[in-house]
Amino acid sequence: MGKYSVRKTKTGVMFNLKATNGQIIATSEVYSSMAACRNGIASVRRNAPIAAVEDQTVEGFAKEKH
């Protein structure tokens, strides 16, 4: 099972989403507070399971709605 790894930076707090094998598969922006970072994680949890895939490597790709 994957996990969210939260860490401090010089300018705030950020998270990485790691796959089961430990590989980083997503990196967040740097947030100014821990609360904002946790809100970012909650947003990914809410939105990612239903997110469409837009393959922009294909000429004339289909644009997906948000």
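Contact, in what follows, means heavy atoms within 4.5 Å. With that settled, let me begin at Thr20, in a structure that is a predicted model.

Thr20 sits in the loop between β2 and β3. Its relative accessibility is 62%, so Thr20 counts as exposed. If we set aside the neighbours within four places in sequence, Thr20 is in contact with Met1 and Gly2. The contact with Met1 has a polar side to it: the side chain of Thr20 reaches the backbone nitrogen of Met1 at 3.0 Å. The C-alpha atoms of Met1 and Thr20 are separated by 4.8 Å, although the two residues stand 19 residues apart along the chain. For Thr20 and Lys3, 17 residues apart along the chain, the C-alpha separation is 7.5 Å. Met1 itself belongs to the segment before β1, and with a relative accessibility of 87% Met1 counts as exposed.

I turn now to the sheet. Three strands make up an open sheet in the order β1-β2-β3, and their pairing is antiparallel. The edges are taken by β1 and β3, each with a single partner strand, so one side of each has no neighbour in the sheet. On average, and with direction ignored, neighbouring strands of this sheet are turned by 30° against each other. As a general reminder, strands of a sheet pair through backbone hydrogen bonds, either parallel or antiparallel.

How many bridges join β1 and β2? The antiparallel pairing of β1 and β2 runs over six bridges. One residue pair to look for on the screen is Ser5 with its bridge partner Asn16 in β2. The helix α1 packs on the sheet, where it touches β1 and β2, and the direction of α1 makes about 30° with that of β2.

On the other side of β2, the antiparallel pairing with β3 extends over three bridges. Here Asn16 stands opposite Thr27 in β3. Together β2 and β3 form a hairpin with five residues between them, and Gly22 in the turn has a positive phi of about 90°.

The next topic is the aromatic residues, with Phe15 as the guide. The count of aromatic pairs comes to two. In one of these, the ring centres of Tyr4 and Phe15 are 5.7 Å apart and the planes stand at 65°; the pair is edge-to-face because planes over 60 degrees apart are classed that way. Tyr4 lies in strand β1, residues 3-8, and Phe15 in strand β2, residues 13-18, so this pair ties together parts that are 11 residues apart in sequence.

Is Phe15 buried or exposed? Phe15 has a relative accessibility of 4% and therefore counts as buried. The rings of Phe15 and Tyr31 have their centres 6.4 Å apart and their planes at 10°, so this pair is stacked. The pair links distant parts of the chain, with Phe15 in strand β2 and Tyr31 in the loop between β3 and α1, 16 residues apart. Tyr31, like Phe15, is buried, whereas Tyr4, at 23% relative accessibility, counts as partly exposed. Tyr4, Phe15 and Tyr31 form one aromatic cluster.

Which residues make up the largest nonpolar core? That core has five residues, namely Val13, Phe15, Tyr31, Cys37 and Ile41. The elements that give two or more residues to this core are β2 and α1. In soluble globular proteins, nonpolar side chains tend to be buried together. Beyond its neighbours within four places in sequence, Phe15 is in contact with a list of residues including Ser5, Val6, Ala26, Gly40 and Val44.

Ser28 is also among the contacts of Phe15. Ser28 is placed in the loop between β3, residues 24-27, and α1, residues 34-47. At 14% relative accessibility, Ser28 counts as buried, because the cut-off for that class is under 20%. A polar atom of the Ser28 side chain lies 2.8 Å from the backbone nitrogen of Phe15. With neighbours within four places in sequence left aside, the contacts of Ser28 are with Met14 and Phe15.

I close with the helix. Ala35 lies in helix α1, and its 51% relative accessibility means that Ala35 counts as exposed. Ala35 and Ala51 are 16 residues apart in sequence, and their C-alpha atoms are 24 Å apart in space.

Note on methods. Residues numbered from 1 in each chain as written. Predicted model: local features only at pLDDT ≥ 70, side-chain atom pairs only at ≥ 80, totals over all residues. Heavy atoms only, no water. Helix = DSSP H or I, 4+ residues; strand = E, 2+ residues; numbered from the N terminus. Buried < 20%, exposed > 50% of the residue type's maximum accessible area, 1.4 Å probe, protein only. Polar contact = N/O pair within 3.5 Å; in protein donor to acceptor, adjacent residues only side chain to side chain. Phe/Tyr/Trp six-rings, centres within 6.5 Å; stacked < 30°, edge-to-face > 60°. Core = buried A, V, L, I, M, F, W, Y, C linked by side-chain atoms within 4.5 Å. Pairing = 2+ DSSP bridges. Axes fitted to C-alpha atoms, helices over the stretch in contact; angles between N-to-C directions.
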